[in-house]
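Subject: Handing over a structure with its ligand

Dear colleague,

I am passing this structure on to you, and below it I have set out what was found, beginning with the ligand and ending with two points in the backbone. Please have it open while you read.

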Amino acid sequence: MCGIVGYVGSATASERPLEVAIEGLRRLEYRGYDSAGVALVGPGGSLEVAKKAGKLANLVEELDARPLAAATVAIGHTRWATHGGPTDANAHPHVSGKVAVIHNGIVENFHVLKDALLADGVEFRSETDTEVVAHLLARAYDATKDLTTAMQQVARTLHGTFTLLAVHADAPDTVVGARHDSPLVVGLGDGENFLGSDVAAFISHTRDALELGQDQVVTITPTAVEVTTFAGEAAEGRHYTVDWDAAAAEKGGFRSFMDKEIHDQPQAVADTLLGRTDTRGRLVLDEIRIDESVLRAVDKIVVIACGTAAYAGQVAKYAIEHWCRVPVEVELAHEFRYRDPVVDERTLVVAVSQSGETMDTLMAVRHAREQGAKVLAIVNTHGSTIPRESDAVLYTHAGPEIAVASTKAFLAQITAAYLLGLYLAQLRGNKYADEVTEILDELRAMPEKIQQVLDRAGRVREIARWMADTQSVLFLGRHVGYPVAMEGALKLKELAYIHAEGFAAGELKHGPIALIEPGQPVFVVVPSPRGRDSLHSKVVSNIQEIRARGARTIVIAEDGDEAVRPFADEVFYVPQTPTLLAPLLAVVPLQVFACELATAKGLDVDQPRNLAKSVTVE
Ligand code: M6R
């Protein structure tokens with residue numbers, strides 16, 4: 001949560017630092033959009049700040065009305081409020097004397113620190129935890145006359161999670177950053193350097209990046225990047241090249257990032273499958289650096305994740321259990337972390353995360369490793385924390401996902417989890433090579449089929465627009481269709497602010513059917529009639545049961561499934577595919593539906609209220 005950008009460039013003051021900061025904030029706004037602000041430092045000791053509650057556009061308006069002086073250094077922040085509401089005063093940067101600070105995270109001991117500062121007569125201008133850091137840094141700088149040393153000192157006193165960036169009026173060529181359990185990456189330029197919560201902050205300027213480790217301080221000047229520990233010892237970052245460019249983080253003619261990302265899905269699945277087999281067609285997952293003997297001995301898999309990523313895990317459970325004959329539990333990361341889960345050296349914990357920064361998932365990863373389990377991360381974002389803290393990583397190649405609602409990452413996560421399942425089945429001898437190849441071929445056919453679903457989505461959009469005033473929508477599914485139903489409901493909640501719930505269709509008669517009244521819209525995800533017949537016919541019976549009670553049934557079924565027609569008010573057909581792979585198709589109309597309905601309501605589908613893309617606090 002919160003987006004952070006930092007820039008140092010030429011020694012001659014110019015507009016560039018502000019331009020880089022604003023552009024970076026525009027690309028990071030998906031991380032939080034309650035307020036935004038910048039601080040600029042110029043030669044001669046000028047420190048100027050502008051900040052405004054609301055979206056970045058408000059800050060830009062303010063800067064147009066009251067321009068800041070040209071500068072050599074800039075920091076910028078887009079906020080997702082934790083301490084103190086979204087007001088101008090609580091917006092970052094926070095200033096104390098000649099220091100300006102921006103912060104992502106929560107300083108858990110800020111009350112204690114604030115009380116001590118108040119007792120010393122310090123006056124506070126905001127309700128934030130961050131302002132404490134500004135005052136502490138100003139004092140530490142006065143004592144040390146060095147911003148890096150001051151940052152190291154202050155970082156050692158803070159508890160909680162933080163990425164901090166600071167500038168000082170007397171250091172017009174320096175930005176200092178620190179990170180503890182919160183993301184920060186360095187962008188390496190030519191005569192200029194950058195800092196960002198993620199590479200999107202500087203992707204249009206450089207693809208050369210430096211990943212920082214935990215509890216490190218980084219000092220950037222136009223020509224140098226120095227990394228140290230909080231104790232002041234020299235440290236090193238890990239250099240890498242970002243494998244996507246600025247164009248991938250633009251809307252590309254679509255009206256929203258979400259719409260674009262829905263349409264990116266065939267590519268996201270294709271790219272995630274790319275390069276995973278050797279010349280003999282055997283599945284090789286190079287990034288899995290866990291000893292094969294350990295993977296063979298695994299007797300339980302636990303998937304930990306949150307939100308959409310957890311639903312991807314639930315889909316994967318059906319496939320991995322079926323292919324590998326290993327029990328798979330799927331648990332919300334925050335629930336896993338704070339109970340006493342039974343995991344040991346024979347447990348493989350799979351952490352699924354688009355951002356790689358979700359704090360709940362990161363905490364669960366650490367907990368699992370402490371218990372002796374091996375952790376394998378399925379993550380989309382290179383340079384993020386979860387892969388670095390895991391034993392192995394399997395990257396999804398969905399490209400940058402900017403819209404807060406996850407779409408293409410979901411499909412890529414399912415695809416990667418399937419690859420993992422097939423790899424384990426191959427390794428453990430549960431499947432012969434030709435069986436694995438057959439399923440891989442089916443997977444390789446999915447991008448084309450997803451494209452067909454998108455090409456047919458016109459009717460879904462029409463229905464969504466008609467339903468713009470709907471108050472409540474239910475989603476039913478069975479087997480792999482159950483997590484798809486829950487994902488459909490989540491999309492509608494978060495984008496359209498409509499009450500929506502996903503149920504296991506078999507659960508209907510155990511309670512939820514009481515919700516059905518005349519006109520109640522219910523989406524039903526129907527399994528293939530070519531699969532286990534009992535499954536299909538049971539869901540068709542469910543449709544009849546709710547229809548008999550007046551529900552308006554909107555059915556997702558496979559091409560050729562005529563059995564659903566008599567009981568469906570609407571049918572969206574998707575191409576035929578094996579049951580286990582069907583979620584990759586069935587979820588697409590539900591994503592399109594939520595996106596279109598929210599758009600019809602005039603809502604901002606990329607930045608829904610109260611949410612942020614990356615949940616970096618617990
Ligand atoms: O970055 P992660 O995949 O770890 O994020 C997990 C959830 O916060 C995320 O999927 C969230 O539920 C999305 N907004 C859903 O669209």
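How many nonpolar, polar and charged residues does the shell around the ligand have? Sorted by class, that shell has five nonpolar, eight polar and two charged residues; please keep in mind throughout that this is a predicted model.

In total, 15 residues surround the ligand, and the closest are Ser353, Gln354, Ser355, Thr358 and Glu494. For two of these there is a polar pair to look at, since the side chain of Glu494 places an N or O atom 2.3 Å from an oxygen atom of the ligand, while for the side chain of Ser353 the corresponding distance to a ligand oxygen atom is 2.6 Å. Lys491 also takes part, with a polar side-chain atom lying 3.0 Å from an oxygen atom of the ligand. Taken on its own, the ligand has 410 Å² of accessible area, of which the protein covers 90%.

As for where this site is found, the ligand sits in the largest pocket, and the elements that give two or more residues to its shell are helix H9 (307-324) and helix H17 (481-496). Because domain 2 (251-444) and domain 3 (452-607) both contribute residues to the shell, the ligand lies between these two domains.

Turning to the backbone, you will find a cis peptide bond from His92 to Pro93, with omega near 0°, and Pro93 belongs to the loop between strand S4 (73-79) and strand S5 (94-96). In another loop, the one between strand S11 (208-211) and strand S12 (216-220), you will find Asp215, a residue other than glycine whose phi is positive, near 55°.

With kind regards

Methods:
Residues are numbered from 1 along each chain as its sequence is written. This is a predicted model: local features need pLDDT of at least 70, side-chain atom pairs count only at pLDDT 80 or more; totals for chains, interfaces and linings use all residues. Side-chain values use heavy atoms; hydrogens and water are left out. A residue is near a molecule or strand if one of its heavy atoms lies within 4 Å of it. A polar contact is a pair of N or O atoms within 3.5 Å; within protein, one must be able to donate a hydrogen and the other to accept it, and residues adjacent in sequence count only if both atoms are side-chain atoms. Accessible areas come from the Shrake-Rupley method with a 1.4 Å probe; for residues, only the protein chains shown count as cover. On a 1 Å grid over the protein atoms alone, a cavity is a set of points where a 1.4 Å probe fits but cannot get out, and a pocket is an open set with protein on both sides within 12 Å along at least five of seven lines; lining residues have an atom within 4 Å of a point. A molecule sits in a cavity or pocket if more than half of its atoms lie within 2 Å of its grid points. Helices (H or I, at least four residues) and strands (E, at least two) are DSSP runs, numbered from the N terminus. Ala, Val, Leu, Ile, Met, Phe, Trp, Tyr, Cys and Pro count as nonpolar, Asp, Glu, Lys and Arg as charged, and the others, Gly among them, as polar. Domain bounds come from an automatic or database domain assignment.
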